[in-house]
Amino acid sequence: MAAGAAAAVLALSTACVAPGSETTAGTGAGAAPASRSAQDAGAQKRIAFFGFARANAFAVATWTGIEEHAKANNATAEFFDPNFDAQTQVQQIQDAVTSKRFDVFVVQANDGAAVVPALKQAVAAGITVVAEFTPVGTAYDTAASQVPGVITLVDVPADNGRKLGELGVAACRSKNLDPCKVAYLEGLKSLPLDNARTEAAVKALEPASGVELVSRVEGGYTQESGRKAMQDVLQAQPDVNVVIGSSQAIAGAESVVKGKGVLLIGNGGSRQAVKAVQDGRWFATYYLPERTAGAKAAELGLAKARGQQVEEANSETVLAPNEGKGTKEALAGVTGEYDE
């Protein structure tokens, strides 16, 4: 998934963090000691990764990218596991600030609003902070930093939803369907992030000529919830043409609509979702290379911690083919970077 805040993505990994060492450089006998800034730039840096949970593959892909980039660039990394608990994650961030052990935080927020005070504390303590995947704050239509000093590398929910809607229209056009009946399986209606995504998808679908949004039901982030939602949709709309939902929900819906000619669009870039598109079972999926995104987050954080200038606001879609709109053509040769 690039699917919803805390409910849709997971991870597994561990690492040890060793204290950084500082070195002094010179050009020969009598050379002047290096400046403090030069020492800081050359010293080993320490990254703390605050992921959704260490129990599932989406966050482990992020972690793997972070850890690999750290090892290749004179840095160490440590995974902090809140097990999807937003308040536990906030406490972990606050404790890490107090410990003064880390130079860089990469934060995959379970609750983007809840972590704001802790991240302000981290910035004030001189720690470089990168918000990865989940926007930090309450605005879901921008990649801009909502906390001064925090770098962003996020999947903008409104952009995600708009592209899902555009893929839905493209699916209708691919079969010259008019009318073309579309069902949208929302993530979790309790999540503001999901609501922003849904509204953006609806705005992209409804104005399209010949496209009818005939159903909006909660599809969630499991195959079982997707299967149940699809059964409910078919009871009311047995002739539905296109169904959009989280990659997990669409995997569940697939078994319900098999043989009915329904075009499926997932929201997630797992290996399974990518293969479903490549095999022609799904029309498309919204794809982000999450392991690559983890490495990029580490790259941005380390660069700033070493005194370099970096772009403050970044969208993960620039790392993906076709800006995340994963059609069969766009995903040719792609394998995906995590398992469902």
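Which residues line the largest pocket? I put this question to the model, which is a predicted one.

**Entry 1, pocket.** I found the lining of the largest pocket to consist of Lys45, Val97, Lys100, Phe102, Asp103, Ala125, Gly126, Ile127, Thr128, Lys304 and Ala305. I then sorted these lining residues by character: five are nonpolar, two polar and four charged. For the volume of the largest pocket I noted about 160 Å³.

**Entry 2, sheet.** I next traced the strand order and read an open sheet of six strands, E2-E1-E3-E4-E5-E11, with parallel pairing. At its edges I found strand E2 (75–80) and strand E11 (313–315), each of which pairs on one side only. On average, I noted, neighbouring strands of this sheet are turned by 20 degrees against each other, direction ignored.

**Entry 3, E1 and E3.** I looked up the pairing of E1 with strand E3, which covers residues 104–107. The two strands run in the parallel sense, and I recorded four bridges between them. As a point of register, I noted that phenylalanine 50 stands opposite valine 107 in E3.

**Entry 4, arginine 46.** I located arginine 46 in strand E1, which spans residues 45–50. Is arginine 46 buried or exposed? I classed arginine 46 as buried, because its relative accessible area of 18% falls under the 20% limit. I also checked where its side chain goes: the side chain of arginine 46 reaches the backbone oxygen of arginine 101 at 2.9 Å. I entered this pair as a polar contact, since the distance of 2.9 Å lies within the 3.5 Å cut-off.

Definitions and conventions:
Residues are numbered from 1 along each chain as its sequence is written. This is a predicted model: local features need pLDDT of at least 70, side-chain atom pairs count only at pLDDT 80 or more; totals for chains, interfaces and linings use all residues. Side-chain values use heavy atoms; hydrogens and water are left out. Buried means under 20% relative accessible area, exposed over 50%, partly exposed in between (1.4 Å probe, protein chains only). A polar contact is a pair of N or O atoms within 3.5 Å; within protein, one must be able to donate a hydrogen and the other to accept it, and residues adjacent in sequence count only if both atoms are side-chain atoms. On a 1 Å grid over the protein atoms alone, a cavity is a set of points where a 1.4 Å probe fits but cannot get out, and a pocket is an open set with protein on both sides within 12 Å along at least five of seven lines; lining residues have an atom within 4 Å of a point. Grid points are joined across faces, edges and corners, and a volume is the space filled by probe spheres set on the points. Ala, Val, Leu, Ile, Met, Phe, Trp, Tyr, Cys and Pro count as nonpolar, Asp, Glu, Lys and Arg as charged, and the others, Gly among them, as polar. Two strands pair if DSSP finds at least two bridges between them. Axes are lines fitted to C-alpha atoms, for helices over the stretch in contact, and angles run from 0 to 180 degrees between N-to-C directions.
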